[in-house]
Amino acid sequence: MRGIAVRLQGLRKTFGETVAVAGVDLEIRDGEFFSMLGPSGSGKTTVLRLIAGFETPTEGGVELAGQDVTGLAPFERDVHTVFQDYALFPHMTVEQNVAYALKVRKVPKAERLVRARKALAEVRLDGYGGRRPAQLSGGQRQRVALARALVGRPRVLLLDEPLGALDLKLREQMQLELKALQREVGITFVFVTHDQEEALTMSDRIAVFHQGRLEQVGTPAEIYERPATAFVASFVGTSNLLQGQSARSILGTDGTHSVRPEKIRVLKESAVADEPGHATATGTVAEVVYLGDTTRFLVDLDAGGRLTALQQNLETSAEDVAAYRGARVRLTWHRRHTIQVPDAR
Amino acid sequence: MTAAAQTAEAAGRRSTGTVRRLAGMLHRRPRLRLSLLLTAPLLWLAVLYLGSLTVLFVSAFWTTNSFTSEVVKVWSADNFRALLTTPVYRQVILRSIGVALAVTVLCAVIAFPLAFYTARVARPRWRPLLVVAILTPLWASYLVKVYAWRLILSQGGLADWMLRPFGLSGPGFGLPAAVLTLTYLWLPYMILPIHTALEQLPDNLVDASADLGARPGRTFRSVVLPMVLPSVAAGSIFTFSLSLGDYITVQIVGGKTQLIGNLVYSNIELNLPMAAALGTVPVVVVVLYLLAMRRTGALSSL
């Protein structure tokens, strides 16, 4: 059984009238890649700042490795942060930036240099030590911020949407590198993001935030395949909910149900698809979005509501799928892919 | 529509047409646009500003008829030689530079905590008000302020009265009084750039420093101070050059103290070339000071 790196108990934070965090209980394990996922304003960044010590909670407490740190200042906590805009010191060289945590702790200069160089090598920036942050690209600055936060080997590394400012290609590359780096150094990573794909790609576990509360905590597979609430179902992956009348007529039950778009097959209306264990619904294609490798069909159901279906373009071309616009179709999926979610609050 | 209104409208359209054509022409000819815009100010700069500096410098090489005090246009470097060799002149020049440096250091020391308060401690909604409060003295007349200080520093004045309980007396009129008054006069010029720099200092740099384990003192020394220093240097350019050129304050509160400005003033009637030579001294010193400050990056934060 691994130890608990971060424990949040009844954490609340209000700014005047605004409730940023409305009671969060959470345990993050040692060595875990833990993501806090949610839309902007969901309180995930505030939770991160509460762990770092930049904010003090209105109620509740923060424990790091079993020690209550609620009242401690940031410099008394064994956590380092990678800031969203990197927050590199512009008047220092890259090397001085990276060595800062060591200098503050009065590590001898020679050792400082060696460890800073090693940290820069870890993020593949050897030879950049003498430059200023302003002379680096966004991706390189991001790596410097990472090296600076890792060089002191903190118990927990907090990352506040660190990939947000990078372009898509670089972001995907950094996701893999971050994950590899985390495995290598074995430090607990707490990663804040609003990008569900990013969270699914990298995390051991994900906490989904909504309006200052935790909606669900679980592995990426749990979050994706068994969303605990309608919010999680719609925020992680494409919103594909069947409710009320349409649920009754298609599935034969009440309540709110979710189907992932890639589980749905799009057939001609005339096709007979009464395979056992399958649900089926007819409708009209409202929109066809050609995405290259896949095509997204938005279908207005006869029973009411709208479903999105995602199809691989195995043999179809852009012209083929365009012909579907306005067509009558039959949607079908296996019933085990229908997930019942608690009704939307 | 009446005939008169129609004519008026037609005239309006015609004039709009002319303006439009002119605007279009200027738009297509950026060089013409630029020269129309800049000719007057550049002429002003070249003729009046640089011209008068040149006249000042040239006339410093002339001499005077010692009986009639008339300027004799004979070239000689006697004036500059006198500046460097006469002990009184050397003393006054060094004293002036010393005063300017003292005022600058005092301003920086007083301005920093004040600016720190107005830019980072005070509530955001109060900050503009505090900046206005700092600037308010600049709206009052220079002479009024200096005479106010003369009253404060005079015998039995406010300074004496406040220091008496401690068994002390005010500095009276003299060099310290001049430094004190000049510090008061130029303080806003120091506060303002520091305030701006501190206000623009990103919060997350301070956060990042604390996050990496630095206590507030270390954060101040390693992050805040180095990032604000260029602005201190920028402010010092104002306090230094304004102090170096001042002569009225010294006359009013300085007692018998003489600075370069006083020597220029007293030479103007009798020995204009000498006054010119003396006048070039602050120009040269300030240029040297600017060159020194340029190395700190101060000029880009002006």
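How many residue pairs are in polar contact between chain B and chain A, with both residues at pLDDT 80 or more? The count is seven such pairs, where a polar contact is a pair of N or O atoms within 3.5 Å; within protein, one must be able to donate a hydrogen and the other to accept it, and residues adjacent in sequence count only if both atoms are side-chain atoms. This is a predicted model, in which local features need pLDDT of at least 70 and side-chain atom pairs count only at pLDDT 80 or more, while totals for chains, interfaces and linings use all residues. Residues are numbered from 1 along each chain as its sequence is written, chains are lettered from A in the order in which they are written, and side-chain values use heavy atoms, with hydrogens and water left out.

**Where chain B meets chain A**

- The contact (heavy atoms within 4.5 Å) takes 22 residues from chain A and 18 residues from chain B.
- Together the two chains bury about 1,700 Å², of which 63% is on carbon and sulfur atoms; buried area is the accessible area (1.4 Å probe) that two parts lose on being put together, summed over both.
- Of the area that chain B buries against chain A, 39% is supplied by Asp211(B), Leu212(B) and Arg218(B), more than by any other three residues.
- One salt bridge is counted between the chains, a salt bridge being a side-chain nitrogen of Lys or Arg within 4 Å of a carboxyl oxygen of Asp or Glu.
- Asp207(B) forms a salt bridge with Arg49(A), and their closest N and O atoms are 3.4 Å apart.

**The two domains of chain B**

- An automatic or database domain assignment divides chain B into domain 1 (3–59) and domain 2 (72–301), and the C-alpha centres of these domains lie 40 Å apart.
- The contact between them takes five residues from domain 1 of chain B and seven residues from domain 2 of chain B.
- These two domains of chain B bury about 470 Å² between them, with 81% of it on carbon and sulfur atoms.
- Leu56(B), Phe57(B) and Ser59(B) supply 75% of the area that domain 1 of chain B buries against domain 2 of chain B, more than any other three residues.
- Across this interface between domain 1 and domain 2 of chain B, the rule finds zero salt bridges, and likewise zero residue pairs in polar contact (both at pLDDT 80 or more).
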